[in-house]
Amino acid sequence: MSLRGRPRVLNEDIIKNIVISNKPNIVRDGKIIKASEIWTTMSREIKEIAPHALYTLVVNNRYNLKDILLKDTVCEPASKITENVTEGTHTEDTDLDTDSITNTNNDSEPEEPFCNVSESSTSSTIIDITFERAEFDDLVEEKQYSRKEKDRKRLEFRKYLVLRAGEWQNAITSKLWAKHKIHCAYQFKRNKIYNEKLIISGKCNCGSVLHGTANNIMTGDNVIINCHRTVGTDGKCGKRYLRNPLRHQIGLEIFEGHTTAMKYRIDQAANLMEPGDEEPPHVYKAQALHDAVKSYTNSQILNKNPIYSLAKAKRTIYKNTIHTVGLDPFFAIYWSKYQLEVYKQYALRHNSSIAIDATGSIIKKLIHSDKSKSKHIFLYSCVANTPHEPKFPVTQMISESQTTIWIWMWLMQWIQSGAPTPREVTCDMSSALLNAAVRAFTGSTTIESYADSIWEGEPLPKSYIRIDVAHFLKIYCNYLKNIRFKIKKFFLAAIGKLILAQNLEEAEEILFAIFVTALSDTEGKAIDGSYTSCEIHKGKLVQLLTHDSLSPFENYANADTENLVLQEDICSESTVHENRWQKWAQNIYVRACSSLNDNGDRQNAHYLPQLANKILQHMKWFPLWSDVMRNAFEYGRIPSSSASVEAEFSVIKSQLFGNVTLPIRADLFVFKHIEFLKGRLQLLPNSSATHNSEDQNRIQDNGTLEEIGQNTDWNGIIASGLVVTCPACSNNDSPSGAHKCNKCGKNVHVLKECSIPIQGEQEGFGEKRVCVECHRLTTRTSKDIRNLSVVENWRGLAESVNKSRYLRASFQENEFLLHEKLNKIPILNNGNSLKLRAINVKGIKVTLANTCAFDSIFQLFLSAVYDSKELPKACSELKSNLFFEMLLHTSCKGITRHTYYTRAILLQNIFPSKQGIYNSAFINCEVTVGHLCTKLFSTTPTLVETSICNRGCTPRVKNFPAIQIQNSFLGSEKWEDEIENQFLLGTTSCSRQDCNGEESTSSPRPGDFIIFEVYDTGDTHYNTTTLHCIPKTLQFSFMKEPFYLRGVVRMRLPKSDSDVNLKTIGHYTAISYRRDGSWVEYDDQKDSEMTLSPNFNAVIELIVYSV
């Protein structure tokens, strides 16, 4: 009995009949379409085959179905190539089908190409492609495949030669263009290598087909592929897919090569094309190049969350470089081991000097777990101020928090890693940076205590903390900007001389002369013929400034200092906590005042007493911004400068990320910055190992116990900030645990260099002691705590904490303050209020009444100015309208007399006034809010609509100060479409007489705000609306950006039921929708605001949206 297999499930005749009967729905333009529901319909009729399986059966020519369907079609391929191929963003490593569809039966002959080309009615050509041996060998690789034998018990492994996926297609495309200028974007279906024979097939969107064969490809010097090319007729070639690894390579070249997608594309065109050439298929569009860069950058990140990505890098690729990563607030501290070693070598050979500063606008804000955005993220950097060699960065941090304590933590972690304490530290005028540097490098707790510790005659701390001279002089450049140029130049030069003074005697003489010159009202000769004090000391200043050469600082009078970021003035705080330097300056100030003689014969052009007071405030930190203690320290730049760190930031922004759109992700920035620093440090010259002449005067870093002496006052030395190393700890001799620090709990040695005994404690085992570090941190006063909370405010982007906590219940509230006098949005009083007096307008005393309509509109816009970042800018451009001038003034200065005066001017121009006796006038401002909007915003309408006639009539422009909408629209899901249909009229007949043309209305042009006047269809009663039903955003089809809800004007109905039907009686109030999502009502008859529930029902008369 012969063995038979199982019977076929599919009936060949049924399938043929059903498929052939549906030929009109299957074949289109000579191709078998895939995206059609006909396959599902036929699958249901056959019942034994899925739709995609049926499609595969047809395109693979089972039962000769494909030949039957396409027998009238010329030159169709044997299998379908993906349709509508365009340049895309796929990341697959192969073309449509490559190695995966290669015939695994190596014993069989390769099948023929797509079709019999000779039957094509289109023109065809014979071309060849030549590869050099080495070039072709790079494209060939060996792959191993496995297949099961028929008994399904054993795997058989066989090896095949294939062309390298993702590379050979681009190589052939490049060869076709280089030799034959063929611009077809062939998508290659397959390649076969059999018995040293290669077969390739490809097709272009234009219909062009390419078939190529090459023999003896593994021998000979060159490999020649003979190709038969059929020219396409559609003319739409498109581009090749940009796939890996070429996609990754292009992204790398653009991103790491500091170029742009457009420049890369232009360079490619310049290299490949000649005048008159069509665009090659492998010169990709800019959008595809942008996507390649994005794919490359995404491949560099370790996690979608930048914080987790940095945390993972800390444990893997940058294990010894990224040291700490914080979650909330976010920060990352990083420096490389090589950075640390280079700095140590520099510190051994020189008096180490560093500059510290921060910059922003580099790193994107993060999204926290509650979907809120982080604060601005700053980059902090320390740069070594080497005397001769190029400057180099030594440590970096990016941080969301800019307070003193976080900066101090960063610097302390760097010091604890083994970095020598720098001898000189230069910062700008930032309180946060200065306080952190003082605490980390000197042991003092405040800037005042540090300044006292370096008073002449006292032990000097190890680090010389200084303020950058350019940032300091920037304060006086701004302060004197409205002063005559010669006077400004004189005082800046005098302050420069004061900065360069290197001893107290010289500084006292210059300071006394400046005080006398600035405080004297007159100069010249007195009545008795003697010279006044001002004449004498001003002459000394002039002689001092012109002795050898002009002071270098007088050039700041006309220098461009706009690129310097002016930090908060650390000396503008209260001067209650005076230190020795200020007392010294105060005595000089008193002496200058007592020596004044204002009986001169002419006015003193340099009379400027405010300048003297300004300088007196800054004298608290005189040793920080001057060179007066330079000789005492015996090192330091003259004058101090942090230009090195500013230059470092310039390199980062203009060179490292010069062609990258900033800001970027935090992790990408850190990774790229670390790699940049690796190469940067490698370029340092070998001369960094040479000694400097300053070595002779350098103080030793690590003094031993014998060198310092046994009878030294250790408490005084430690408190003064000198760092003394414990000899036992230096020898890696860990404490036994018999003694612990009473504050931090760590084990300490019973050595004065390691710990200090607590007074009153008995010596011996278990004696209570305090480690050196805790001893430096003395008891904190309220000023110490405030110093820890001050922030680094780069360009005003940091969010500072309000010192007066009682002004608000929580940190996130009270975020709308624009002026220090305001702690909430002020409320404009109604004209009926007895608190207000008549307003004097051009000699006429004007009394206003019933101003609630105006006050409600004004109150809404005022809260919008507080809540919106864009609206204040828009109001500045509309200041020609007196309403917006009043709005800006109030947002800055609060409600003042000027506010009520402006309101009177505005309403006097709208409403008629009744003249009274004694130059008085009375204005009744009773009106609907909708009508008042048409008057107030006639020149600044909500929408501008333009209608143009096709017969050349003058365009008709229509302004909409307010848009009328029905109350029922607010509850509709498509309320925007319903409103938009009111003024998008399309094409209508021309409205002008004697013209039969058609008038087309263009899309309205929105202003910076949109006002809706809400009306009711009812004749008697008002309908109420729940507040939360009002849409929070608005975006019509012609608007590029959405507008945001700012609030509504509510009509409060009379309490008497008999008067409800009288629509002319009522009172308007403003209900503002604040940025935190709360609804706040402002009534001009009440002094305080009132918070409403989102479920509150109100009669809405007006709705305001703005940018």
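1. Let's start with Thr386, which in this predicted model sits in the loop between strand 13 (378–384) and strand 14 (392–399). Although it is a loop residue, Thr386 counts as buried because its relative accessible area is 3%, and the cut-off for buried is under 20%. Leaving aside neighbours within four places in sequence, Thr386 is in contact with Tyr346, Lys391 and Phe392.

2. The strands on either side of that loop, 13 and 14, belong to an open sheet of 7 strands with mixed pairing, in the order 10-11-14-13-12-15-16. Strand 10 (322–326) and strand 16 (464–467) are the edges: each has a single partner strand, so one side of each lacks a neighbour in the sheet. On average, neighbouring strands here are turned by 15° against each other, direction ignored.

3. At one edge of this sheet, strand 10 pairs with strand 11 (residues 331–334) in the antiparallel sense, over 4 bridges. One pair you can pick out is Gly326, whose bridge partner in strand 11 is Phe331. Helix 13 (residues 404–416) packs on the sheet and touches strand 10, strand 11, strand 12 (353–359), strand 13 and strand 14. The direction of helix 13 makes about 140° with that of strand 14.

4. Next, helix 18 (residues 504–519), where a quick geometry check works out nicely. At 1.5 Å a residue, its 16 residues should span 22 Å, and the end C-alpha atoms are indeed 22 Å apart. At the N-terminal end, Asn503 acts as the cap, with a side-chain oxygen 3.3 Å from the backbone nitrogen of Glu505.

5. Is helix 18 largely enclosed or open? Of its 16 residues, 12 are buried, so the rest of the structure largely encloses this helix. The buried residues include Leu504, Ala507 and the run from Ile510 to Leu519. They pack against helix 17 (485–500), helix 19 (533–545), helix 20 (580–594), helix 21 (609–618) and helix 22 (622–625).

6. Finally, have a look at strand 34 (residues 1043–1052), which is mostly covered, with 8 of its 10 residues buried. Which strands does it pair with? Strand 34 runs antiparallel to strand 35 (residues 1067–1073), joined by 6 bridges, and Gly1047 stands opposite Ser1072 there. Strand 39 (residues 1100–1106) also pairs with strand 34 in the antiparallel sense over 6 bridges, with Val1048 opposite Ile1103. Strand 33 (residues 1033–1034) is antiparallel to strand 34 too, through 2 bridges, and Thr1033 faces Tyr1044.

Methods
Residues numbered from 1 in each chain as written. Predicted model: local features only at pLDDT ≥ 70, side-chain atom pairs only at ≥ 80, totals over all residues. Heavy atoms only, no water. Buried < 20%, exposed > 50% of the residue type's maximum accessible area, 1.4 Å probe, protein only. Pairing = 2+ DSSP bridges. Contact = heavy atoms within 4.5 Å. Expected span 1.5 Å × (residues − 1). Polar contact = N/O pair within 3.5 Å; in protein donor to acceptor, adjacent residues only side chain to side chain. Axes fitted to C-alpha atoms, helices over the stretch in contact; angles between N-to-C directions.
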